[in-house]
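Let's take a walk through a protein model together. Have a look at the sequence and the picture first, and then we'll go through some of the details.

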There are 4 protein chains.
Amino acid sequence: MPDLFEHPWLSGLFGDDEAAYIWSPGAQIGHYLAFEAALARALEAAGRVAPGSGARAAAAIEGFAPDLAGLAAGTAQDGLPVPALVKQLRAAAGEDSAAVHTGSTSQDVLDTALSLTLRAQTDLMLARLARILAALGALEQRFGAAALIGRTRMQAALPITAADRLRSWRAPLADLADALRAERAQVERLQLGGAVGTNAAFGADAGMIAQSMATALGLTRAPHVWHTDRSALVQYGARLSQISGALGKIGQDVCLMALQGIDEIKLAGGGGSSAMPHKSNPILAELLVSLARYNAAQLGGLAQVQLHEQERSGTAWTLEWMLVPPMALSTARSLAAAEALLGQIKRIGPAEPEGGDIDPARRAGPRSGLPEW
Amino acid sequence: MPDLFEHPWLSGLFGDDEAAYIWSPGAQIGHYLAFEAALARALEAAGRVAPGSGARAAAAIEGFAPDLAGLAAGTAQDGLPVPALVKQLRAAAGEDSAAVHTGSTSQDVLDTALSLTLRAQTDLMLARLARILAALGALEQRFGAAALIGRTRMQAALPITAADRLRSWRAPLADLADALRAERAQVERLQLGGAVGTNAAFGADAGMIAQSMATALGLTRAPHVWHTDRSALVQYGARLSQISGALGKIGQDVCLMALQGIDEIKLAGGGGSSAMPHKSNPILAELLVSLARYNAAQLGGLAQVQLHEQERSGTAWTLEWMLVPPMALSTARSLAAAEALLGQIKRIGPAEPEGGDIDPARRAGPRSGLPEW
Amino acid sequence: MPDLFEHPWLSGLFGDDEAAYIWSPGAQIGHYLAFEAALARALEAAGRVAPGSGARAAAAIEGFAPDLAGLAAGTAQDGLPVPALVKQLRAAAGEDSAAVHTGSTSQDVLDTALSLTLRAQTDLMLARLARILAALGALEQRFGAAALIGRTRMQAALPITAADRLRSWRAPLADLADALRAERAQVERLQLGGAVGTNAAFGADAGMIAQSMATALGLTRAPHVWHTDRSALVQYGARLSQISGALGKIGQDVCLMALQGIDEIKLAGGGGSSAMPHKSNPILAELLVSLARYNAAQLGGLAQVQLHEQERSGTAWTLEWMLVPPMALSTARSLAAAEALLGQIKRIGPAEPEGGDIDPARRAGPRSGLPEW
Amino acid sequence: MPDLFEHPWLSGLFGDDEAAYIWSPGAQIGHYLAFEAALARALEAAGRVAPGSGARAAAAIEGFAPDLAGLAAGTAQDGLPVPALVKQLRAAAGEDSAAVHTGSTSQDVLDTALSLTLRAQTDLMLARLARILAALGALEQRFGAAALIGRTRMQAALPITAADRLRSWRAPLADLADALRAERAQVERLQLGGAVGTNAAFGADAGMIAQSMATALGLTRAPHVWHTDRSALVQYGARLSQISGALGKIGQDVCLMALQGIDEIKLAGGGGSSAMPHKSNPILAELLVSLARYNAAQLGGLAQVQLHEQERSGTAWTLEWMLVPPMALSTARSLAAAEALLGQIKRIGPAEPEGGDIDPARRAGPRSGLPEW
């Protein structure tokens, strides 16, 4: 049961192949190697290793297939895989080993890999957000004129249209897509600080090396080393939670609209019950609520990670590793589930009377004119 | 013990007069009245009440002193004070009562009051952040050259300077001040949606009324009604938590630097103990850690409030009221405490040998040159 | 807005006079003085102060009215009020000042005061739970036979009776009342550890002094000093959250039952709207949900406080002070609100057809016989 | 990176083979089949299926190897695997299919499987706790007399012994082991409620069937159906968090004791750095802190799951699945890590002077006699 996202059967509910790939061990290794290769080339460009040595080391790195058991043993020993990986890479680079990892530190590798991972995560989310926004627009086109009862504090209030509710679903998602785009540069950034965040080992070449690496990796060059400054990551987590939260609101509304007696929505393909074959459960709508509440709780943990003691906190940083990937996967899954759910909508608005549904005119409070405020 | 911020004695630790004023009942009433007065004038400008009526109603509103017991009774009945307040205001407006609250709803009043409150909160935080940034700069001027042992994973790593650590404290705060400024417009915005968020009661005048009110109140006019879209508020809460988190990192570092045996900092005016008069506890530094962890946990609750069902959630909205003010007060207090703490710093770096402190040369790991990476 | 529990008008919704008294500054002072008086007498009984001296000091303590401004100034300086209070008390005790606080430490005072506070809190909760259990029993007597549609995953499933649902509300509350009773001894316990938790200053008399104080205060004598062992407090917080959670489930069910179109419950005295006088909002039911989610989030913070570094953590302990009182007040309020809500119930089950309600026979899924499993 | 517990290399840090087995898909399937087999036999014993039919169905169930792809597809459709599993089992049972799952519901299967899983989890934790308690006792034997500086609020206070600190580590763990044992019966219980929690399909045989199943599965028979009563599960989660919290306190203390300049502990086998080969990082101690803070945050989410709407909440229940397994795995891992960490301790107390450590006599505050309180 632990890994819902890749579980033999729970992945049917929680799984997301595209997001899983982004966070997969293979993708992470790729990012580690990309960092080390970029560093090797940058060291050469800065004249800190002999001409040709950086390029040869980079080539060896890029073609390297790590011994995973060695990384696991190294992680058990060191708390992270980089020392073991660097040892393997240096062995592979042979005479060019001085171009491998020199001047850098484990956190540079792992944080830069995180930046590359979040870039892919953001791409994925933006693509899905765009499709969801389009789907909501199409639903508005199709069902927007349908009459609904606006409900406030769980009580019938005044008439609205389906368009009103659909727009209330759409607006925060459009804003959040804009925010994701605007904040990319703060997240997709190189980490390069060296042992204690001062880049002392690079001397006067630190800026040149960082610029060279950032360019090679397609990342921004952060204005300062962010070994202990995790606010941008907490901020990214806050956006993840906001996205799943906005989708959770949709899911909750759909659950309420699907209640028998309310019947304001019709979904295709609801879930069955082992005891009650007649049921059609709004599985994906429920899932959106669960994922939203999950992410909200995780955010309460993620916000703790800013308390990095001294130049690097083993505790706060390890906590990040536990919290960020599930938040990202949950958000990705909530986007996919929302897209699927919107595709299941066959009707928004009152059921046709011949269908045996309750007369909408009897279903709500005052409709004839607005009350006297 | 409940209200730490205004408690007879715990306010000595947690209290913040400036922030308390911003969130005080009196300030809130002022915002409610400002909303209603702006609406009355806007209704007149839009021709929805007789000429002169809106101005007279606005004047009556602005001079009104509500019966607080009536608001309490109304809140007990209605879950919020606005229906009772509107009743009082209409009575006060007499013949002009049609210019009071017409077309609006309770959430318009309370959410707009929140916007006005957050504007003052942001002003306060930016002023304090500016002073903290200046203080950190001054400390860097004064102590920046002092040698410290860079510590990673709680272990001595390599030499750094006090400037290195001070800059690691400063950078996230400078970024967060920028972010607060950049995001003001998304937070300081009018709420105007009417009963179910459609502004139906204003008809074609809704845009003009909203613009008029936004101008009068010095708020932006949100591109959409945000009755159920709480993402900007969650985002603001995330910034609050990030600010107190960045300050908590400072507090934690100071606690560690002040450990006997480490002695990398000297503070004036530490706290005493009832059992051990010799002690000098780093009270403010500890407080920064507590406030940071507090806010982080609150953020995990605040992120739940996006799940607003239908056109207005009584549950999610009430939850906001419980979470946002303490987060804001905690953040304000953490800024004030940080400013005071920085002012207590008498030394960063090794103690003078004659002072009986341990020889810094004996205190850490390798110092003579950087190791072979 | 900050202190919802004693706010001029929001207390109409959140306030709870009985709980507020339990956590009031006055009650806390009373507990501090009770601790110090018990200690003074115990010191005399153990022969550690001259005969008569402990009794005189205790009398002086019990009649003492602290200077609150002095406590506030002391708290600002020391992070807690006890050093300042002890100074005041010793001045008041004059020649008997050696019987005041000697051998004890601030945490002994504040933690014991917490134990006494939680005793009153538990008494209050148990009394309210008993009334709620009785009210649920009475509702079952009155409406238990009414037919409801059992709903699973927000979908009509199979017929149940009102008794079935009422029992599902009742069972966890009965269990939680039992748990509160069973766990009292672990919570209502003396704290006495002295400066660093070893009671070194009491020498061989530590056990006798602790027993004497525990008896005088009506507390258990914990098997070990719990300065840094906060698990029992986290456990108490978990019970608070479980209680408000069980009540939140009731509130959420009532909100859903009250939906127009569902109409499975009728409440007297719902809340009004500033825009829609016809509405009757289930304010108390919503409040139960908000308080449950609030407490759940707080528990995520409270569980962080176990990480007490060394012999006493200023950070973790201060965090407790921020989290425990609001959780206790919220739980107390949720019990009072639940009791009031149950008293508002005028009907559970289908509305009478003449009342204009929808024919219950049309309202749900299959009713005629159980399906073939 | 998502599944830390079974990740190719991060499992070196986070992985726990014994706990992973308990929560493995294979173990879960085993529990599902055990439930269905017990039900089949109980149906026969109650005379609800023909003699021999229940036994034959149970045999077929117990030997059944599910088609996992089918379960995944079913979970995608239904939100849970049970309907698909039941379909497979009924096909396997052939003529005896009426003895499969009849009268039960998916939640009965999954909740009972959870009970069986938590039984194994508790066994594992109790065994580890016993070893940790023994290890702490042995450390006290070995190093208990060593002098430490008691530190309160991160400041040197008064002398203590290593025994004092070791006992402060041990006491909460001993209490928590007792609590786990005492609360087993509330957790290791059969779930049997049928479609809407009323066991209506079993008629008068419900009690007999439940008793028979509970006996066969070695579970208690809960006094009431707990489909929507999740308080015992939240309570179990609270114990998980308390355990990892008590271990996190140890980890944090060890990190602080290992600081150069403090040097109160010596550990074998610390972790290396990719940049600084001389370092020996207290990886396992840090991990204990991270796991404690992780679990605390999860508990804030878990406490939300009590808000089960109506007879079964798809949202709250799904949220449980996301939160409980990682909490259990984290707690198990923290126990294993703590055991390993205690085994790494080579010294508690001041370093030998010849070892180049700082003279302990210079390291702290007042030592000569207790101060005048």
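Two residues are in contact when they have heavy atoms within 4.5 Å of each other. In chain A, residues 24 or more positions apart account for 76% of the contacts with a separation of 6 or more.

A bit of housekeeping before we go on. This is a predicted model, where local features need pLDDT of at least 70 and side-chain atom pairs count only at pLDDT 80 or more, while totals for chains, interfaces and linings use all residues. Residues are numbered from 1 along each chain as its sequence is written, chains are lettered from A and ligands numbered from 1 in the order in which they are written, and side-chain values use heavy atoms, with hydrogens and water left out.

**Chain A as a whole**

What is chain A built from? It has 12 helices and 6 strands. Both kinds of element are DSSP runs numbered from the N terminus: helices are H or I with at least four residues, and strands are E with at least two. The C-alpha trace of chain A spans about 85 × 45 × 35 Å along its principal axes.

Of the 373 residues in chain A, 69% are buried. Here, buried means under 20% relative accessible area, exposed means over 50%, and partly exposed is in between (1.4 Å probe, protein chains only). Chain A exposes about 10600 Å², and carbon and sulfur atoms supply 55% of that area. These accessible areas come from the Shrake-Rupley method with a 1.4 Å probe; for residues, only the protein chains shown count as cover.

As for charge, chain A carries 31 positive and 36 negative side chains, and the centres of the two sets lie 6 Å apart. Lys and Arg count as positive, Asp and Glu as negative, and His and the chain ends are not counted. Each charge is placed at NZ of Lys, CZ of Arg, CG of Asp or CD of Glu.

**Salt bridges**

Side chains of opposite charge can pair when their charged atoms come close. The rule used here calls it a salt bridge when a side-chain nitrogen of Lys or Arg is within 4 Å of a carboxyl oxygen of Asp or Glu. How many does that give over all chains? The count comes to 68. Here are a few of them:

| Positive partner | Negative partner | N to O distance |
|---|---|---|
| R131(A) | E339(A) | 2.8 Å |
| R128(B) | E18(B) | 2.9 Å |
| R153(B) | E286(D) | 2.8 Å |
| R165(C) | E311(D) | 2.7 Å |

Let's start with R131(A) and E339(A), which form a salt bridge. This pair links distant parts of the chain, with R131(A) in helix α7 (residues 106-143) and E339(A) in helix α12 (residues 314-344) of chain A, 208 residues apart. R131(A) is partly exposed at 39% relative accessibility, and E339(A) is partly exposed too, at 25%.

Over in chain B, R128(B) and E18(B) meet in a salt bridge. R128(B) is in helix α7 (residues 106-143) and E18(B) is in helix α2 (residues 17-22), 110 residues apart. Buried or exposed: what is R128(B)? It is buried, with a relative accessible area of 3%, whereas E18(B) counts as partly exposed at 47%.

The salt bridge between R153(B) and E286(D) crosses between chains, from the loop between β1 and β2 of chain B to helix α11 (residues 283-302) of chain D. R153(B) is buried at 5% relative accessibility, and E286(D) is buried at 1%.

Back in chain A, D16(A), E18(A) and R128(A) are joined into one network by salt bridges that share partners.

**Where chains C and D meet**

Now for an interface: 67 residues of chain C are in contact with 68 residues of chain D. Together the two chains bury about 5400 Å², 55% of it on carbon and sulfur atoms. Buried area is the accessible area (1.4 Å probe) that two parts lose on being put together, summed over both. The rule finds 2 salt bridges across this interface.

**Some residues to look up**

R153(B) has a positive phi of about 50 degrees although it is not a glycine. N199(B) also has a positive phi, about 55 degrees, and is not a glycine. N199(B) sits in the loop between β3 (189-190) and α9 (206-217) of chain B, and it is buried at 11% relative accessible area.

Finally, find H101(D) in the loop between α6 (82-93) and α7 (106-143) of chain D. Its relative accessible area is 0%, so H101(D) counts as buried. Leaving aside neighbours within four places in sequence, H101(D) has contacts that include S274(A), E36(D) and L39(D).
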